Amino acid sequence: MALPLLLGQLLALMGLGDAFYLEVRELEEKCFIQEIPDGTVVIGNYKTELYDPAMEKYQPSPQWINLFVFVKDPENKNLLARQYGPQGSFTFTSQSPGEHQICLHLESIRFALFYDGKLAIHLDMQLGERSNDYAEFAAKDKLTQLHLRVQQLVEQWREERFRQTSESTNQRVLWWSILQTFILVATGVWQMQHLKSFFKAKKLV
């Protein structure tokens, strides 16, 4: 029993990782099991892609697609539950040896869904980084999240400006339509009165 555990620890210390390729739909959760020694920093580098039917191939996902990562240890305790952008990395440190469950799913932050669009996740899991490097990875990860949040706020601001511009344009079109209708009605009334006066003058009425 000790030999496989020792071998696993040696492979982890060598920085050995696993690469995964997953095809999913929006909100479809994919889970897998990873054998991880205790006290090991795990780094998941990933990128996501959205299938383009016109190009008939996968393209890099837009910024409004988020990756959700959930990690549970062998005792079913949550080690990680977090939202990330369409490309980046996540980190966690194992607290007990054994099989860890890692689950991923993609979700749009916009109201519109993908209309049954296909997505892909490229994931490279690296084990065995030194614990004293964890602060550096965490700092990079927080910077990535901050950058993503800024992009989301900018996009929301742009959408709000577009909505306000659209509402203003629609309101102007509505008033212009009302004005045209009023002019047409007034012109019709004037023509009717003019014809009536004309017929009276000619003693046709």
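## One disulfide and the strands around it

The count of disulfides comes to one, a disulfide being a pair of cysteine sulfur atoms within 2.5 Å. This is a predicted model, in which local features need pLDDT of at least 70 and side-chain atom pairs count only at pLDDT 80 or more, while totals for chains, interfaces and linings use all residues. Residues are numbered from 1 along each chain as its sequence is written, and side-chain values use heavy atoms, with hydrogens and water left out.

The disulfide joins Cys 31 and Cys 103, whose sulfur atoms are 2.0 Å apart. The link of Cys 31 and Cys 103 is right-handed, with 110° about the S-S bond. Because Cys 31 lies in strand β2 and Cys 103 in strand β8, the pair ties together parts that are 72 residues apart in sequence. Helices (H or I, at least four residues) and strands (E, at least two) are DSSP runs, numbered from the N terminus. Cys 31 is partly exposed, with a relative accessible area of 40%, and Cys 103 is buried at 7% relative accessibility. Here buried means under 20% relative accessible area, exposed over 50%, and partly exposed in between, with a 1.4 Å probe and protein chains only.

**Overall layout**

The protein chain has two helices and nine strands. From the N terminus on, its elements run α-β-β-β-β-β-β-β-β-β-α. Of its 205 residues, 29% count as buried. The accessible surface of the protein chain comes to about 14100 Å², and 60% of that belongs to carbon and sulfur atoms; these areas come from the Shrake-Rupley method with a 1.4 Å probe, and for residues only the protein chains shown count as cover. Of the contacts between residues at least 6 apart in sequence, 76% join residues at least 24 apart, where contact means heavy atoms within 4.5 Å.

**Core and strand β8**

The largest nonpolar core has 25 residues, and those with the most contacts inside it are Val 69, Phe 90, Phe 92 and Leu 104. Such a core is a set of buried Ala, Val, Leu, Ile, Met, Phe, Trp, Tyr and Cys residues joined through side-chain atoms within 4.5 Å. At least two residues of this core are supplied by each of β1 (17–24), β2 (30–36), β3, β5, β6, β7 (87–93), β8 (98–108) and β9 (119–129). The largest share, five residues, comes from β9.

Not counting residues up to four places away in sequence, Leu 104 touches ten partners listed as Leu 22, Glu 28, Glu 29, Lys 30, Phe 32, Leu 67, Phe 68, Val 69, Ile 121 and Leu 123. His 105 is found in strand β8 and is buried at 13% relative accessibility. Leaving aside neighbours within four places in sequence, His 105 is in contact with Leu 27, Glu 28, Glu 29, Asn 66, Leu 67, Phe 68 and Phe 70.

**Aromatic rings**

The count of aromatic pairs comes to five. Rings of Phe, Tyr and Trp (its six-membered ring) pair if their centres lie within 6.5 Å; planes under 30 degrees apart count as stacked, over 60 as edge-to-face and the rest as tilted. The rings of Tyr 46 and Tyr 84 have centres 6.4 Å apart and planes at 75°, so this pair is edge-to-face. Tyr 46 lies in strand β3 (residues 41–52) and Tyr 84 in strand β6 (residues 78–84), so the pair ties together parts that are 38 residues apart in sequence. Tyr 46 is buried at 5% relative accessibility, and Tyr 84 is buried at 1%. Ring pairs link Tyr 46, Tyr 84 and Phe 90 into a cluster.

Lys 118 lies over the face of Tyr 51, at 4.3 Å from the ring centre. A charge sits over a ring if NZ of Lys or CZ of Arg is within 6 Å of the ring centre and within 35 degrees of the ring normal.

**Positive phi in loops**

Most residues other than glycine have a negative phi. Two exceptions are tabulated here.

| Residue | Phi | Loop | Relative accessibility |
|---|---|---|---|
| Glu 56 | about 60° | between β3 and β4 (57–60) | 62%, exposed |
| Asn 76 | about 65° | between β5 (65–72) and β6 | 52%, exposed |

**Asp 18**

Asp 18 is found in strand β1 and is partly exposed at 33% relative accessibility. Its contacts, not counting residues up to four places away in sequence, are Gln 34, Leu 123, Asp 124 and Met 125. The C-alpha atoms of Asp 18 and Gly 44, 26 residues apart along the chain, are separated by 9.5 Å.
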